[in-house]
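Biologist: I am new to this structure and would like a close look at a single part of the chain. Could you take one helix and set it in its wider context?

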Amino acid sequence: MKMKGFSSLIICLYLLQIVHSQNIMNNPKSSHGNKFEQLGSILPDPNSYRNAAGAPGFQYWQMKADYDIDVYLDEENLQIKGEEWVTFHNKSPESLDYIWLQLDENQHAQNAESNFYDGSKFAPPFYERTLIDMDIRKKLEGHGMNIIAVQNSKNEPLKFTIHQTMMRIELPKPLAPSKTFKFYVKWSYAIPNRNTIGGRAGYEIFSEDKNALFTIAQWYPRMCVYSDFQGWQHKQFSGRAEFALTFGDFNVKINVPSDHIVGSTGECQNYKQVLTSEQYARYQKSINSNEPIEIILKDEAEKAELNKSSDRKIWHYKATNVRDFAFGSSRKFIWDAMGIRVGNKPVMCMSYYPKEAYGLYRRYSTKVVAHTIRTYSKFTIDYPYPVAISVEANNGMEYPMICFNFGRTEKDGSYSESTKYGMIGVIIHEVGHNFFPMIINSDERQWTWMDEGLNSFVQFLTQEEFDNNYPSPRGPAHKIVDYMSLPKDELEPIMTNSDNLIHFGSNAYHKTATALNILRETIMGRELFDFAFKQYAERWKFKHPTPADFFRTMEDASSVDLDWFWRAWFYDIDPVDISMDTVLVYNFTNQKQTKESVALPPKNNTFFEEIPNRSATTYTVSKDFLPISKIRNKEANLQFLVNKDTSLRDFYYYYVPDDKASNPTIVSDTKTEKELLSDSLFSKYQNSHLYEIQFSNIGGCVMPVILQWNYEDGSSEIERIHAYIWRHNEQSFTKSFLKSKRVKSIVLDPYLETADIDLSNNYWGENTNPTQFELFKSGQSTSRRRNQSSSRGQNPMQKAKSKKSTE
């Protein structure tokens, strides 16, 4: 069998395994032997390209594509005109008869299938915008990529076929292994208005000054990935499932109006020619500055807004070993920068933003970029690129070395707390994408969770290190509960293809980040997890990992069997709902007993009483509740950025809202009866107490059992039982505990580490010693309170200003 046919067979078998994996049960008629079995045939077999340890094999290969591009930004007509020479390197062991390129801008073509295969429902009243959006073909008139020429290195035309967002070029002769093919493409397209057409890039016109801000991405014909595990990845771009791209080197010349400032992937080769001498001197100073320095001043940007130049400038950029290239361009840009060092390499952290974002971006953006690069480097690999850029474009999208974010203030310069933290979060997230997937280069078109989920997890760690009181929306286990509580027909496995997800953010981002945080804090522990996660990043930097590579590496580098966890969190949809059904309480006495009665008595014995779970309150967790990660951060004496750099403390750092939470405390009755004990053991155990607890797995997802024992003397302890406790019966188990002190109450999952969707069955006893989250709910917290202020009316910053002005 030829290699190509064999590869296709392996791909088909692998996809079949993925489709049916969540239904695979090893022992379907029994209560055990299912959830703890190894993944086995669900994962593809290891081979010489990808080994059984999860690392690249000794024959691993991947393609390479180099680009030489000239692009003309036509601001007057809102068009991109480009031409490129592409050198494609065949690093595979196979000969190729054709190659595939991506034409992502065809997503906006009038005949794009992806604009019509989603259902829609419009209810009256109808507005003008509603009708325009319904008339899709009219709205998209004139959009889509226009391919003008495709030629070989001898300027001879090449035969090509365009199918939706993909273009196949037929090669004059088969491209043999280790050979290269150079070809030329000329194209143009109408730049979409992001506010009306939508999409990940385009232009925005500012109503007050009529100037444009351009974010140019997915703008050139890009090589598809050809890989060992699936051949050509040419699944159509629908606008949701993102990209699979090949690494290469870029040489790009960007022709823009002379009053525009350009921020781009790569390093600029001609700052001296495109900047004034004063601006260039500021740039040179910023390289060694510990604080961001404005290279393009706010005054300079505001003056540039007044007149549109008819002259042109060419900004020249080069980028090495990147998978993509994007840029932003506008005369509105203020630009600040500072240099940092990661390992032994310098990195320029920079921000570009209009005056509408000055009040937030000038203080935060570049420092958040630097913090992100440093923190991600700690948990993954040292950042290898020379530049990291945040562009304020009222958006959220990522590319190598550059990302587009949001964060504008009110006209008076004030902002809400939610705007501030939303901005910081999106900058961390989008800059973090430099690591996942720009460097650890997974296939986004197939597995969104491998970039969005892993990135959201490290984003959570980075936010925690920014400020331990950061209100992270993703990461802590209890914050996934609402999603996991949905009816099962609305839930989806993480391993679902990106385009097929209904709850896209909750699944690919939120659930994955939560799962990894649970692995780190509850299943593996920080030391084992951090080493394994870093090993995965190191193994697969500048390569194309698959889910199996991640799963295998995490186990290989930690010695922790995680197959049960991958099954539960990635291949299945069952939520966590562990119930503490009954607690049987025994005290001991030296009363006489017969030889036959030494064993525990049957349940109808008069010395025995079954104590059911008395609690009936389901908790809504206060925003001030401290998850286990924040507690451990404090215990580890982690140095938070807002403490190291107090200039990052703004109005909201000190702001305490007026509202106070007040919630009842659980009270339940506890009764105990004495149980017989032989005279020989009485002296040793006379002050001991035995608690027999029955647990049931109502939700279906097996997880560790974490108990907090609160004693009558006011002390407490945490006891952790591995998830293996369920291996012999995945539905229920009973376990006895011998304690030297009398227990006043028992709390299951006290720090909300497991994403248990029902807390009403997690308590037993008279809980007068509140758990940590009850303490916060009762208004006894001493930590800074957070406020997610409403977008209606004045934000707290404005109210404070108004109050001060009237005093």
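Modeller: What follows looks at helix α13, then at the whole chain and at two other places in it. This is a predicted model, in which local features need pLDDT of at least 70 and side-chain atom pairs count only at pLDDT 80 or more, while totals for chains, interfaces and linings use all residues. Residues are numbered from 1 along each chain as its sequence is written, and side-chain values use heavy atoms, with hydrogens and water left out.

Helix α13 covers residues 547-556 and is mostly covered, since nine of its ten residues are buried, where buried means under 20% relative accessible area, with a 1.4 Å probe and protein chains only. The buried residues of α13 include Pro547, Phe550 and Phe551, and among them are also Asp549, Arg552 and Glu555. Helices here are DSSP runs of H or I with at least four residues, and strands are E runs of at least two, numbered from the N terminus.

For the setting, the chain holds 20 helices and 32 strands, and buried residues make up 58% of its 807 residues.

Elsewhere, helix α15 (residues 628-635) has Ile628, Ser629, Lys630, Ile631 and Asn633 buried, and α15 is followed by asparagine 637, whose phi is positive, near 55 degrees. Serine 416 lies in the loop between β23 (402-405) and α8 (417-432), and this serine 416 is buried, with a relative accessible area of 9%.

Technical notes: Buried means under 20% relative accessible area, exposed over 50%, partly exposed in between (1.4 Å probe, protein chains only).
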